[in-house]
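Here is a friendly walk through one protein model, meant to be read with the structure open beside you. Take a moment to turn it around on screen before reading on.

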Amino acid sequence: MTLIAEYGSILLILACLFGFFMAWGVGANDVANAMGTSVGSRALTIKQAIFIAIVFEFLGAYLAGGSVTQTIRSGIIDAEAISPDQMVFGMMASLLAAGTWLLVASIKGWPVSTTHSIIGAVIGFGAVGVSMEAVHWEGVTPIVASWVISPLLSGIVAFMIFISVHRLILDTENPFSNAKRYVPFYMFAVGFVVTILTLTKGLKHIGLDLSGWQSLGLAVIAGILVAGLGVTLLSRIKADPEADKNFHFASVEKVFAVLMIFTACAMAFAHGSNDVANAVGPLAAIVGVLHSGGEVASKSLVPGWVLLLGAIGIVVGLATYGYRVIATIGKHITELTPSRGFAAELATATTVVGASSIGLPISTTHTLVGAVLGVGLARGIGALNLRVIGTIFSSWVVTLPAGAILSIIYFYILTGIFS
């Protein structure tokens, strides 16, 4: 009789608790990346940011979180080289290890990568607890590459968006009227990008399988609706000559503050769709083994309730502890205004949702920091706080080995308790 058959119910309850703990860590630490720019540029208050994040993180995690979950669950560890007991204890240890590291980082206010934490943890138990051959090292390579590519890509996209804002709006004779003219097009882009990527890849696991043309049509409609809503909101904004005397673009930034609400929603949705996998990927693997009576399947559908548990965990983490890291991200890398924050957020959302759609678990932290750096560089290197950036980079380097070491320790503790 295997340990799984003997302790099945206890292991399932523990796995759900550990998965929830990890999802809490994602909410407490990583959601700040989605909201930090909005708060830092004063487009949203902390309370408004948390409310938006709760709604859209939940939707992103539940509706579009299935694709990346497959990669975390079966793309890193060879399902055939590992026993059911090892899979269950290893994934439980990974969740607990990554959750522990995120708890430490959140208390310190460090914005670390939840993706690094869980991947480091899974590699750690696989390499030491099973064997070096059990780890799909060739599957790890594109994930590691994405840690370099994603900040670079989002930095370039953010740089280009911000330059377009300068050309079309800020460097013109009448920036305020040009802001009102061109901002609805940016709003259309926000609605279109998030909708097309969600529909084409994200909704398969809930049984909604649309053709390319259907998805394109719906994305265009979503973009038009978002732009239409934006035009209505923008019509209420009037130029403020007094404020413009102190800061030439004060009225223009009011227009961008409206746009930031839309990009904040897109950003939260993108983050939920990509980063819920960090919590529910290992949990889905455990549930698959326990439900099949001990068979390690390389692929199976992620149960809806597992995504739901991850989505709720993220929301609870954000509501209880998220404000700490929001303050770090939003105010310390570079001085943000709504127009700069918008460029960073749209670039990040596009990169993250795009990566989710091809099943690549990239780090939202890396992507957003890359985008904020891109916006900062558009104004010159002096606009960046290099000391803070150095601290952030250091915390990224430490995260992978920290996840791996904690995972190995927890793996031996769990196998010791239940064997």
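## Two crossings of helix 4

Let us begin with a pair of helices: helix 4 passes helix 10 in a left-handed crossing. Helix 4 covers residues 84-108 and helix 10 covers residues 250-291, and their axes come within 9 Å and cross at roughly 155°. An angle over 145 degrees counts as roughly antiparallel, so helix 4 is roughly antiparallel to helix 10. Please keep in mind that this is a predicted model.

Helix 4 also packs with helix 14 (residues 386-418), at an angle of about 135° and with the axes 7 Å apart. Helix 4 and helix 14 are therefore oblique to each other. The crossing of helix 4 with helix 14 is right-handed, whereas the one with helix 10 is left-handed.

## The overall make-up

Stepping back, what does the protein contain in the way of helices and strands? There are 14 helices and zero strands. Read from the N terminus on, the elements therefore appear as an α-α-α-α-α-α-α-α-α-α-α-α-α-α run. The protein has 419 residues, and 58% of them count as buried.

## A buried glutamate

Is Glu57 buried or exposed? This residue is found in helix 2, which spans residues 46-64. Glu57 has a relative accessibility of 1%. Buried means under 20% relative accessible area, so Glu57 counts as buried.

Glu57 also has a partner from elsewhere in the sequence to look at, Gly272. Counted along the sequence, Glu57 and Gly272 are 215 residues apart, yet from C-alpha to C-alpha they are 4.4 Å apart in space.

## A nonpolar patch on the surface

Now turn to the outside of the model. Which residues make the nonpolar surface patch? The patch is formed by Leu152, Ile156, Phe159, Met160 and Leu377, and has an area of about 500 Å². Helix 6, residues 137-170, gives the most to this patch, with four residues.

Ile156 is one of the residues in the patch, and its place is in helix 6. With a relative accessibility of 45%, Ile156 lies between the cut-offs of 20% for buried and 50% for exposed, so Ile156 counts as partly exposed.

How values were computed:
Residues numbered from 1 in each chain as written. Predicted model: local features only at pLDDT ≥ 70, side-chain atom pairs only at ≥ 80, totals over all residues. Heavy atoms only, no water. Patch = residues over 30% accessible without salt bridge, like charges linked within 9 Å, V, L, I, M, F, W, Y side chains within 5 Å. Areas by Shrake-Rupley, 256 points an atom, 1.4 Å probe, with all protein chains shown as cover. Salt bridge = Lys/Arg side-chain N within 4 Å of Asp/Glu carboxyl O. Buried < 20%, exposed > 50% of the residue type's maximum accessible area, 1.4 Å probe, protein only. Axes fitted to C-alpha atoms, helices over the stretch in contact; angles between N-to-C directions. Parallel < 35°, antiparallel > 145°, perpendicular 65-115°, else oblique. Left-handed = near helix turned anticlockwise from the far one by under 90°.
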